[in-house]
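Visitor: I'm new to this one and would like a close look at a single part. Could you walk me through it slowly?

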Amino acid sequence: MIEEIGGRELKKAEKTVQGFKKTAAEIAEFKDELDLIVFITPHGPVFRSTASLIIKDQLQGNFGDFGFSKLEFKEKSDINFAEKLLQNTSEKNLALQPLRKKDLINYGIDQELDHGIMVPLNYLEEAGLKLPIVPISIGFISYQELFKIGKEIARTAAELDYKIAVIASGDLSHRLKKGAPAGYNSEAHLFDEKLIEYFKEKDFDSILNFDQELVEKAGECGLRPIVTMLGAVDGLELELEVNSYEGPFGVGYGTVFIKTKSI
């Protein structure tokens, strides 16, 4: 999805490239109103018993894992928002663990921005959107708890009088065809089809209560970030647009733009 890395392979994911560009442009329309971007990623420091929140003034990451270490990002964070979110989730006894500088060192985490953040960030910045970032990594906790963390993201923004963009990053099924990264499952495509249809119908209840057998067959990584994001927009009147879907490498890629009607 990054031109310098993908090269000719990028053409095989043209629908997704255009979906990213369209979604990024739609978000960037509000750049003068927005205060912050909250990223929810499945590719950062993921724990079994808790979601995690990196609290650090400056965030950095590069694509060295893909052989392109010179492709790097250095971004500002918002400590005030992060600390307030941590306080709010703690009050509700929700599993959101802070990762401060000493914690990152202890866990051997040398980059605060992972590819689940940097790929969409690349397109957002190309669209002219440059804002402070708060990075949240999912945990293998219940969907219900992740949804509640999302609600606290919205409450924190309201209490601080922030307008925020929330980016739920991740792939859909990893098992769409033979040779796919997680192997092949003949029913995996049903997960992607159902999820995209649920979005089109704004049927968020079905997303929150997804058939777990089908989730397992899909081998996805995007559902938990999506559930967390849905918590952040719970109860709001929304406009929604599915901008793209395809599975060119045996992995499902989708882009969806959601905004509150009050914006």
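Visitor: In which sense do strand β1 and β7 pair, and over how many bridges?

Guide: Keep in mind as we go that this is a predicted model. Strand β1, residues 36-41, pairs with β7 in the parallel sense, and the pairing runs over five bridges. If you want a spot to look at, find V38: the residue standing opposite is V166 in β7.

Now zoom out a bit to the sheet around that pair. This is an open sheet of five strands, and reading across gives the order β5-β2-β6-β1-β7, with mixed pairing. β5 (96-99) and β7 (164-168) are the edge strands, each pairing on one side only. On average, neighbouring strands here are turned by 20° against each other, leaving direction aside.

Helices pack against these strands too. Helix α6, residues 143-160, packs on the sheet and touches β1, β2 (51-54), β5, β6 (133-137) and β7. The direction of α6 makes about 160° with that of β7. Then there's helix α10, residues 223-232, which lies across β1 and β7 and runs at about 155° to β7.

Stay with α6 for a moment and look for charged side chains. E152 forms a salt bridge with K92, with the closest N and O atoms 3.1 Å apart. E152 lies in helix α6 while K92 sits in the loop between α3 and β5, so this pair ties together parts that are 60 residues apart in sequence. The two partners have different surroundings: E152 counts as buried because its relative accessibility is 5%, under the 20% limit. K92, with a relative accessible area of 45%, is partly exposed. These two also belong to a network of salt bridges that links K84, E91, K92, E152, R155 and E159.

Another bridge to find involves helix α3 and the loop that follows edge strand β5. E83 forms a salt bridge with R100, and the closest N and O atoms are 2.6 Å apart. E83 lies in helix α3 (residues 79-91) and R100 in the loop between β5 and α4 (101-106), so the pair ties together parts that are 17 residues apart in sequence. Both ends are partly exposed: E83 has 31% relative accessibility, and R100 has 29%. If you feel like hunting for others, the count for the model comes to 18 salt bridges.

Terms used:
Residues numbered from 1 in each chain as written. Predicted model: local features only at pLDDT ≥ 70, side-chain atom pairs only at ≥ 80, totals over all residues. Heavy atoms only, no water. Pairing = 2+ DSSP bridges. Helix = DSSP H or I, 4+ residues; strand = E, 2+ residues; numbered from the N terminus. Axes fitted to C-alpha atoms, helices over the stretch in contact; angles between N-to-C directions. Contact = heavy atoms within 4.5 Å. Salt bridge = Lys/Arg side-chain N within 4 Å of Asp/Glu carboxyl O. Buried < 20%, exposed > 50% of the residue type's maximum accessible area, 1.4 Å probe, protein only.
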